[in-house]
Every structure is written in C-alpha cells, then in structure tokens.
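Subject: Structure handover and what was found in it

Dear colleague,

I am passing on the structure we spoke about, and the notes that follow go through it part by part. Please keep the coordinates open beside this message as you read.

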Amino acid sequence: MAKPLSWNEIRRRAVAFSKQWAGESREQAEAKTFWDEFFKVFGLTRRHLASFEEPVKKISGSYGFIDLFWKGMLLAEHKSLGKDLGQAHAQAMEYIQSLQREDRGDEVPRYVIVSDFARIALHDLEDNSSIEIPLAELHQHLHHFGFIPGYKRHKLEPEDPINIKAVQIMGDLHDALEKGGYSGHELEQLLVRVLFCLFAEDTGIFERNAFQLYLENHTNPDGSDMGPLLAQFFQVLNKPQDQRQANLREELAELPYVNGDLFAESLSFAAFDRDMRNRLVACTRFDWSRISPAVFGALFQAVMEPRERRQIGAHYTSERDILKLIGPLFLDDLKTELDKAKNDKNKLRKLHARLADMRLLDPACGCGNFLVISYRELRLLELEILRRLLKRQQITDIETILKLDVGQMYGIEIEEWPVRIAEVAMWLIDHQMNQRLSEEFGEYFVRLPLRTSPHIHHGNALRVDWNEVLPASECTHVLGNPPFVGKRFRKDEQSQDLSHVWGRHRGYSKLDYVTCWYKRACEYAYDTDITVSFVSTNSITQGEQVSILWPVLFKKHGLKIHFAHRTFQWQSEARGRAHVHVVIVGFGMSDTTNKPLFDYEHGRGNPVSVRVSNIGPYLFDGDDAVVEARRTALCDVPPIVYGSMANDAGHLVVKAGERESLLAEAPELEQFMRPFLGSEEFINSLNRWCIWLVDANPSTVRRIPALMRLIEGVRSHRLKSTRQATRELASTPTLFGEIRQPTSNYLLIPKNPSHRRPYLTVGFMSAEVIASDQCLIIPDAGLYEFGVISSAMHIAWVATIGGRLKSDYRYSNTIVYNNYPWPQDVDDKKRLAVEDAAQAVLDARESHPDSTLADLYDPLSMPANLTKAHAKLDRAVDRCYRSQPFPNERNRVEYLFKLYQKLTAPLLPAKQGK
C-alpha cells in the first residue's frame, strides 16, 4: 500500500495544481484531465474511485451524463471558464434526484463539486453548507476537501441519525449471515474484521475504497466465491509484506500489515449468496469515517434480542453521558491544569507526563465506549499540549513526541464479541487521533503494524481478581457502566455472583446487581488514590437498598462520595433503546472538599451544578446517614397500613363486566358487594367490586349456590399453594387473606404513584369502600394530614427516599411515611391555614366532576384553579417548617433530612470515644 500523503505534501501539490490550471482559458474537453490531476493532489488515482460521463435517466425520459461520479461520495460538474456555477449546481442536484428515482439511493453522494477552471465550489449536502473559492486559493482551503484522502473530520453527535443508519446496515448483514447458517463465534469474528476493514478504507489505513473495490471487482455477483476471497483478504492483512506470496493481486499486495491478532484466527468460509453479498457491498458504500468508534456499542445491541440485552445488562451509554462521568472524574481537573500552565513549557511537560502515567480500568467495559471516549479526550489534551510546546513546527518523526497509547486502557468484559469490538474501537480511535496529529504537524502518521493493544480481559469481573488485569498500584481511575439488573430479572448465575460478592451480608438479595461493582471497586481501591465512577440505576440511592448498601461501603470500606449526578434519563443510541433512570456516583477511599453535585429539572436537559461540603447516599448535601425501615411513625401522627389483600385467585373480586351477569344469576349477592379500590381504580375512577363476607350470616351464605361456588374456588386455590401460611388460610375461604379495612372513613394513598404528577393523588374514602393492598390507608387522618401528604414537601421526600418501581414512585409505610419528618411545634394558626388550603384543593377537584384524578393531575391538563389551590397549600405547609420559601426540590429534601437527623438523634446510640 502506498503511504498516504502528508498535509504538507498535499498543500505543495495543490499550489502546483492551481498554478497549472487557474485563470487560464481552457477548453471543456480538458475537464477530464483537470479532474485526474485534481485527484492526484490528494495522492489518489481517479479511475480507481470515480468514473466519467455516468449515465442517468432524467425525468423527461432522456439520459444525462454526470461529468464525474464517485458513488456514494462525490458528484462533479464542470463548466467552461466564466460560466454560471449556480447552473452547474442545479444540474448536479437534478442528477441526484434522478438517481433517487432510479432506486440508486445508496449511490447518492454527500458532496457536489462544480468548477469552471477559475473557481471551484464545494457543497456538503448533509451539513447543508457550501464554499466557493478561487482555484488559486485551493491550498488555503484544503481542510474542506479532506474527505477525499480520508482525512475529513466529521462532527460526531451522539444522536446523529447517521450512527443509527450504520447500526442498521451492520445489523442487516449479521441477520443475513445468521439466516444462512453462519453463526456463533465465527460470525462474531467475521463481522469484527469486516467492521475494521470498512473503517480502514474510509479513514486512510487502507488505500481509499480498497475493500469495496476488491469485493466489487473480484467476487461473483451470486456471492459463490465471497467466502474464500474474504478469507484471503484477511490472511494478507495478518502477514508482513516481506513474507507474502509474490504473485498476489496488486490490490492485496499493497495492503498494510495489521497484526494485533485481529486476523490471526482461521475461520471457516462463510457461504454467501447474492443477497448476502449485496448486503456486504452495501456496507462498503457507506462512509464509515462519519462514525465515531463509540457507536460500536450500539452495533453490539443491534444484533441482540431485547430480553438478552436486559439480562446481559449491556446498557449502551451515549457519548454525552460518558462525558458527564469522565468530566468530574479526571477530565475537568486536567483541563484546569492545562489552562493554568498556559505556555509554560515546564508545566506543560509535567502535565504531559501525568497523562502518560494514567491507567484506566473499566471492569464492565462492554464494547469499550467509556475507554474509547476517555482515550479520545486524553489524546485531544495531548494534542493541545504539543501545540503549545512545538508551536506548529514541522515534525519529521511524530512517534517520538507522543506519550499516550491504547496500552493505557484496561477493561474486563464477560462476553467475547464485545471484547473484540472494544479492541477494534480502541485501535480506530487511536488512528483517528493520529490523523488529527498528522494534520496538525503536517506529517502522515499511522501505527501499523499494531504493536500496542488495549488490555481487554475476557472474563467475569465479579470472579476475576482485578489486580491480575491491572495492579491497583498502577491504576489511576476506575469507571464504567456496570449492568443494572433488578431482583426480578436476574439469572441464576447473576444471583450466584451477588452471593459470591456480598456473602452473608444482611439483605443482600434485595440489592441491584450493579452494587457488586461498587463493593469490588472499594476492595480494589483500598489504601490507594484511585478514584472511581459508575453509571448506575437510581434504585441504589432510593428506598430500602440505601440502608443495605451504603453503611457497608461507608463504614467497612471507608468510601467517600466525591461527586454525583442526581437522577436523569439515560440516553442510548441503540435499536430498541431501553428507558432507564440513572445516577452517576464518583467516589474514592479518601475525602475531598468542594464537591460538585449535578441536579436535573424533571430528570432531563442540562444539569445545574452546585458545590457542597458532603454528598450523602441519597445524593444531596448532607452527611452519610441513611433512613432505616421503621415499624412505627417517627412523629406523633396517625398510623398507616396497607389495604386488604384478597389472596383469592380472583374469586372474591368482581370486575365491572362480571357484576351484572353474577347478579343476574344470584341477586342476593348484591348485599355482599362492596366497591373495591386499588391505585388504578382510584386514580382513573374505574368500577370494581369485591364480595365482602366479614360478619356475614353463614346460613345466608349457604343459601346462595353461586356464592358457595366462588368460596370453594378460594379454598381450592389456597390449598394448592406452596406457602404454608396460604394453605392455612383455606380454613377461612369466605374472608380476604389479609383484612385491614377500617370501620371509619380513611385517607387512601396509591402504592405506586406516577412520577409525572406534581403531587401525590390522595383522597378520603368511606368505610364502605374496601381498599386493596395496592393502596395504603390512614384511618384517623384529617384535613391537616391530607394537606401535608398532598404538598410539595412530602412528594420531594417520597421521590428521594421512597425508591421507584420502573420510573414511578414507591410509597411505603416503613420507609416513607414512618420516617417522614412532620413539621414540629405547629401552632393553631399555621395548622388551620393548612387545613383551609387542603379543603380548597378538595373543592377545586369537586368543581370538575367529570374528570378523574388522572385527568386533574396530568401536568399538561391540570386545571388552573387546582394548580392555584396546591400552590396555596404548598405555602401553608412550607410555613409550618420555616418562614423562608424553598427554591427547589433538592433544598426541600436537604432541609427534611436535617430535620430527620435531629428527630432521630436521641434514638441513635451515643458515639463512644476512641
């Protein structure tokens, strides 16, 4: 393979080209020579890439001929000197429309160039940008034409649709190969190799389009010889050039020696057909230089089933969210040090040495997204350091000035294919950074053959000793996005992992799978300066998991939280993206000061950062105390219980459609039917009943055959249970399994209120209405209790302390209600203000008799009078706590938690002296 030209050489050629062609009176017939010479400026042979006079059928039915056509990349139109370039551009766009009408959409180019010898104009159809320059100034604007030799730098946006298209293309190829019977390890290896070649030919590792032209020119259209020829292509890449056969095709002989074990393993031939060949060729026509190697993670997910994705826990994290983590972990500090160094060479060299000493470990690295982005950002810092040290002087041997390489990146991954993807992604991001360096200092640089590799270990990170992958004494940072798998979704082997890591720790089975990485990281980082940060499900900072997890990490391991992002919505680029609410927690084994805490409005958008003295386990400004489950309320308030549980297999519960048919059969049943409300029925005003036989006359019951049939169904269901307690309930089949129904009116609270609603939707119920176990009830509650529970203060506590079911809140008696710090020493005036405001909320609801609570509390449809009533209630409740208003939810929670600590302080054991 011919060595790609340096930018210095390209500039020299561009100057000579401009002198030869610019400003001279030329004949149109000379246009072909013009374009041949134009490609030579970039070290390319036009005939290998683009054709002249490509026919295309116009809308009129006649044929037009494109002056120069590079499929999928470039269309050029040439005019005589002084002609209107606007008309040339219009003609080019007409040809593009014709290509689309002819179903040649994969050939539609991104770029259009028009010229009249004196001027040249470039139009980027994707970015919708254009530039027109005198040909004599071409050498000053070469960066716009960098896509021709493969130097083009694209703006890589995390949610760029082009990334999604790349995922779909490779997913289609995978599906076609798997359908043809080529599967498992060999399919995975083949696709990784193909992916490397696709990037290599579009980013300057190979000759431009070398892979595409080899496939198009040397394989049969029916795909019959594609497998052996692919194998030969890969074998050549694995062999040094001086050891290759002398009679190889020229295209193969010029390929670089890659090394790195990527092409070392011998694979069986994939038996291609026409469709499979077409899909692979379609991949080669895509411009892979436009893709960030970080999108490899999305590629990995694109070929997995949703269930498999959840089980493996491969939650691909977007570039934007990775930067949220690595910023406060190390990148922000490095940038600050660079800013302080300015142009001081001693300080710059010291910072450069610090970068070279960094070692990063991702113990659940998946496809290497965190390592890829981290390495890219470190290389960009190194580039800026070199700019300041060398002042853009020409360097003849770039490798001598570099200190960073992919060998500084370490990972552990349980699945084999992601290990290979991660390795390739690291090599490719290294190549992209080398291209940036080449452009900066004018000398082409590529690290081939590969001598240094990222250290990606294939194994279970919860069973592997991390020190065997990277000794803790050499590691500077641990980072990543470990799999979060809740108790209901864990596989047996994951439950075994959890037991292996946590041992006999109390309550460990309730912890999320991700917590295993926290414990392993603490053990690994003990007595070191290693800093750690993980993206995690927010369940580890809410609800009952907090009291199980964090005291161990704080007290036994000495963990201190250094920074945190509070709950936000996780972003993914992958097909079938999962919807998860996450947090980012950064920590170490020593403490820091002035800690950044990032908060989000409604869990979306850009965070607001504040500096705090300490970040507790709930991720707000406060100490490291946790809220423990309590059987009784902390404050002097009415007790709360769950509603009644039927445990009846549906025999005692009557849905709306069943009631009429049942009463038609046995009208006597109406005396036993009572309204039966769960959260769903309460919120949406749905009708449901239950057969309530508490204190029913046995003789009356026996005279109703339909009722006896239902009771027998309950008894039979309970006898079949594997639980002893349920079988014992078979002796009382007329009654609910658990009865907690009050004899007086009560306040009903849904068990899992929606996170979208601005307030808890609670309401007073008559004793005649039976509450199910999907609700909690407060039998002796009044307007004051209704007001406080319906306030912004209370839902702030619920959102932080209560935990979540999916994204909805989880209201509980032992964690939420019994620990809630109610206002203290409230005088009659403030109490009355809360009660009046609470009644105003109820009155506002009553003014909309045709609306359900779901309608009334939807943030988009909440009526103005109800909004105003709640605002008044919030002010009344706030004044019971303090005179100053609370600016946001986080301030409310911080205040409530300090009050909680004050109220619980006398109950905690006194600290003993040393």
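Val114 stands opposite Ala121 in strand 5, and this pair belongs to the junction of strand 4 (residues 111–115) with strand 5 (residues 119–124), which are antiparallel and joined by five bridges. Please bear in mind throughout that this is a predicted model.

Both strands are part of an open sheet of six strands with mixed pairing, whose order is 1-2-3-4-5-6. At its edges stand strand 1 (51–57) and strand 6 (129–134), each with a single partner strand, so one side of each has no neighbour in the sheet. From one strand to the next the twist averages 30°. Helix 2 (residues 31–41) packs on this sheet, where it touches strand 1, strand 2 (63–70), strand 3 (74–78), strand 4 and strand 5, and its direction makes about 140° with that of strand 3.

For the overall frame, the protein has 914 residues, of which 56% are buried, and its secondary structure comes to 32 helices and 25 strands. Taken along the principal axes, the box filled by the C-alpha atoms is roughly 110 × 75 × 55 Å. Of the contacts between residues at least 6 apart in sequence, 72% join residues at least 24 apart.

A second sheet deserves a careful look. This open sheet has nine strands in the order 9-8-7-10-11-13-12-14-15, again with mixed pairing, and its edge strands are strand 9 (455–458) and strand 15 (604–612), each of which pairs on one side only. Neighbouring strands in this sheet are turned by 20° against each other on average, with direction ignored. Towards one edge, strand 8 (residues 409–413) and strand 9 run parallel and are joined by four bridges, and the bridge partner of Ile412 in strand 9 is His457. Helix 16 (residues 416–441) lies across strand 8 and strand 9, and runs at about 175° to strand 9.

Within the order of the sheet, strand 13 stands between strand 11 and strand 12. Strand 11 pairs with strand 13 in the antiparallel sense over seven bridges, with Phe534 opposite Val585 of strand 13, while strand 12 (residues 560–569) is likewise antiparallel to strand 13 and joined to it by seven bridges, with Gln569 opposite His581 of strand 13. Is strand 13 enclosed by the rest of the structure or left open? Eight of its eight residues are buried, so strand 13 is largely enclosed by the rest of the structure. This holds for both faces, since His581, Val583, Val585 and Phe587 are buried on one side, and Val582, Ile584, Gly586 and Gly588 are buried on the other. Helix 19 (residues 515–525) lies across strand 7 (360–362), strand 10 (477–480), strand 11 (531–537) and strand 13 (581–588), and runs at about 175° to strand 11.

Phe587 leads on to the nonpolar cores. In soluble globular proteins, nonpolar side chains tend to be buried together. The largest nonpolar core here has 223 residues, and those with the most contacts inside it are Phe196, Phe206, Phe233, Trp288, Leu361, Trp550 and Phe587. Leaving aside neighbours within four places in sequence, Phe587 is in contact with residues including Tyr518, Ala521, Cys522, Phe534, Leu559 and Ile561. Apart from the largest core lies another core, of 33 residues, among them Phe17, Leu49, Ala76 and Ile120.

There is also a helix pair to examine. The axes of helix 7 (residues 210–218) and helix 8 (residues 226–237) come within 11 Å and cross at roughly 145°, and the crossing is right-handed. Helix 7 contributes Phe211, Tyr214, Leu215 and His218 to the contact, and helix 8 contributes Met226, Leu229, Leu230, Gln232 and Phe233. These contact residues divide into seven nonpolar, two polar and no charged.

One last position is Asn278, which lies in helix 10 (residues 274–284) and is partly exposed, with a relative accessible area of 39%. Asn278 and His717 are 439 residues apart in sequence and 58 Å apart in space, C-alpha to C-alpha.

With best regards

Notes
Residues numbered from 1 in each chain as written. Predicted model: local features only at pLDDT ≥ 70, side-chain atom pairs only at ≥ 80, totals over all residues. Heavy atoms only, no water. Axes fitted to C-alpha atoms, helices over the stretch in contact; angles between N-to-C directions. Helix = DSSP H or I, 4+ residues; strand = E, 2+ residues; numbered from the N terminus. Left-handed = near helix turned anticlockwise from the far one by under 90°. Contact = heavy atoms within 4.5 Å. Nonpolar A, V, L, I, M, F, W, Y, C, P; charged D, E, K, R; others polar. Pairing = 2+ DSSP bridges. Core = buried A, V, L, I, M, F, W, Y, C linked by side-chain atoms within 4.5 Å. Buried < 20%, exposed > 50% of the residue type's maximum accessible area, 1.4 Å probe, protein only.
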